[in-house]
Each structure stands twice: as structure tokens, then as C-alpha cells.
Amino acid sequence: MVQRLETVVDTRDGGTSTSLQDAIRTSQPESGGLYVPQNGSLPSISGVEIQRLVDGSYADTANTILTKFNMGLSPEQLTEIVSGAYGDQWHHSDITPVTTLNEAQQLYLLELGHGPTLAFKNVGLELLGRYLDMVNSELLRALGASSGDTINAAHNATRGRHKLHSIFLLPEQGPSDVQMLQALAHDIETAMTILISGDFDIAQERIKTFNAPEYHDFKAENNFISFNSIQILRILSQMVYYFRAYTQLIKQGVIKNGDAVDFSVPSANFGDALAGHWAREMGLPIRKINIATNANDVLHRFLQTGTYTVELLPNGIGKRA
């Protein structure tokens, strides 16, 4: 394991390396791959460090974990963005509290819906927005597509920021009434929602088309970036709540430091699960990470069969990609 992560590599471009700071700025390699730690090596965290976090705040945990990654920030700058990201805009003082579901079965719930827009995406995007606003001298434009709560979380990440705008495509088919209102009825001057005809697949395809090589110069000249779920700083920030959940269980007397725990991640959110895996690689005692899914089980079927297919959902409405 490394002491402090400095560089990451592109999984699809022969392992080409780049600084972590540049990886956060560019969001995703042009190859369409992922930025991952070089040689799979992540900084380590000791049991002693984990124990020190038991009586601390969420911000203490975030600072301890994120300071192990060289993002081009001074300790004072990191403290500033962490304090801002996990401040009074949250609806719970513990940010991501752990509550008991069934004590006899040792089932506990990590609550991730207390952010300013009530979405778990707030954990990563509130930090990412402040980071990008701090380290960049030019206006950045985050471009994406969503049919759910990502839009409002992304928009809110630009609230009060001076060098960051959020532009998202919203399909007119698919979102619930609440999600539609969240995406459209806001007062954030730095955010724009574009309503398009069709469903999410169409919106996503338009974004992927825009990522083609022929648009490289246009995107570079206009500072377009991405807020997608594989944005590496989003994943790093999501690692924090795995550590926080573990130390809360210690504080509640459920486990002792060093005991292994399991996490179950709903909705086949592999970005969230990857954050848990990286936390485990750093030294957090995680035994299993279970990835649950619903009828939209495309990744489960792909891993089981090796075939990526499009099918109608069981009710005959819509499709799973």
C-alpha cells in the first residue's frame, strides 16, 4: 500500500497515468474507461486511526480519509471544503447516521438520504462542487443526463459556486412528478435543466455522442466536464461513509474494532460498491459487499451470462438496457 495516492491510471488506455488532481478535473478518460489507483495500490489506514475516529465528527472522518489522497490541496483548503460540504445544509447532524433495523439479526441501516436534496449523491457532489470551484481558475460546465435525483443533487452542488455550472438533460418520460419538479423548479442561477423528448436511454445516448473524439476540441474550449457516478472524487468521498458507518457501530457497542462487517448496496449501484471495495483495500474490515438489484438487472445478467441484452421489463413497460 502507498502512503498517499498521487497518480491514477486509465483502465482502457494501456494504463496511462495522470495526477489525481487532473483526473478529478477531467472526470473521465476519453477512452471511456475509469480512473483507478496505479497498480491497484491505495493508502492504508490502521486500526489505531480507525479507533481515533469513533468519537469524532463526520468531517473528522472525511479529513482523515481524504488527506491520504493528493488532490493538490493544503490541509487548510481540505478542511474548508469538507466543512462546507458537510455543514448546516444537511438534515441530520451525523450526516450519514446508522440506525438499528433488527438487533437480533444484527441488521443496521446506513442512512444516506439526509442531504440538502435528500439523495445519497449529495455526499459526493457537495464535496466535488466545492473542490472544483476552489482549484480552477476558469468556469467549468458539468454536463450530464439523468431521469432521477442526480439532477437536483448536481444542481445544488453549484449553488453559491462562482466557477461551476450544471447542465443536465431530463427525459420527459420516466421521472416521477417529484423528480420532475426537483429538476425543473429550482432557483439556482448556476444550473440548467433541458427537457427532451423520449426516455433516459435517448438522453444518455446524446451525452455519449457528445463524448466522441470529434467533439474533443469543443469540449476543451468550453470546459465541459462530467458529474457522473464514476467521477473519482465522488467515489473517494463515498468511501468516507463506509468508515463512518464502521466507527458508529463501534461507538454503539455493536462491534469491536477489528471485527468484520458486511455491507449490502441496493439498486446495483456499482459506483457505491466500488467505494466500499476501495475502503476495504485501505484496511477497513469489510468481509462482503452484497450488490442488490431489482427488475432492472442488466449487470447481474451480464456477470452471470457474459451477454449484454435489452429486454422488456416484466410489466411490458419500458426496457432494461
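**Exercise 1.** In which sense do strand β1 and β2 pair, and over how many bridges?

*Solution.* Let's take this predicted model step by step. Start with β1, which covers residues 7–10. Its pairing with β2 is antiparallel and runs over three bridges. For one facing pair, look at V9, which stands opposite S17 in β2.

**Exercise 2.** Work out which strands stand at the edges of the open sheet of three strands, and why one side of each lacks a neighbour.

*Solution.* First, write down the order: β2-β1-β3, with antiparallel pairing. Next, see that β2 (17–19) and β3 (35–37) each have a single partner strand, so they stand at the edges and one side of each has no neighbour in the sheet. Finally, neighbouring strands here are turned by 45° against each other on average, direction ignored.

**Exercise 3.** Sort the side chains of strand β10 (residues 261–265) by the face they point to.

*Solution.* Begin with a handy rule: in a regular strand, side chains alternate between the two faces of the sheet. Now apply the idea to β10: V261, F263 and V265 point to one face and are buried. D262 and S264 point to the other face and are not buried. Then find the partner: β10 pairs with strand β11 (residues 286–291) in the parallel sense, over five bridges. Here V261 stands opposite I286.

**Exercise 4.** Find the helix that gives the most to the nonpolar surface patch.

*Solution.* List the patch residues: F270, I291, L299, F302, L303 and Y308, which make about 560 Å². Helix α12 (residues 298–305) gives the most, with three residues. Now check L299, which lies in α12: its relative accessibility is 33%, so L299 counts as partly exposed.

Key
Residues are numbered from 1 along each chain as its sequence is written. This is a predicted model: local features need pLDDT of at least 70, side-chain atom pairs count only at pLDDT 80 or more; totals for chains, interfaces and linings use all residues. Side-chain values use heavy atoms; hydrogens and water are left out. Two strands pair if DSSP finds at least two bridges between them. Helices (H or I, at least four residues) and strands (E, at least two) are DSSP runs, numbered from the N terminus. Axes are lines fitted to C-alpha atoms, for helices over the stretch in contact, and angles run from 0 to 180 degrees between N-to-C directions. Buried means under 20% relative accessible area, exposed over 50%, partly exposed in between (1.4 Å probe, protein chains only). Patches are made of residues with over 30% relative accessible area and no salt bridge: like charges are joined within 9 Å, nonpolar side chains (Val, Leu, Ile, Met, Phe, Trp, Tyr) within 5 Å. Accessible areas come from the Shrake-Rupley method with a 1.4 Å probe; for residues, only the protein chains shown count as cover. A salt bridge is a side-chain nitrogen of Lys or Arg within 4 Å of a carboxyl oxygen of Asp or Glu.
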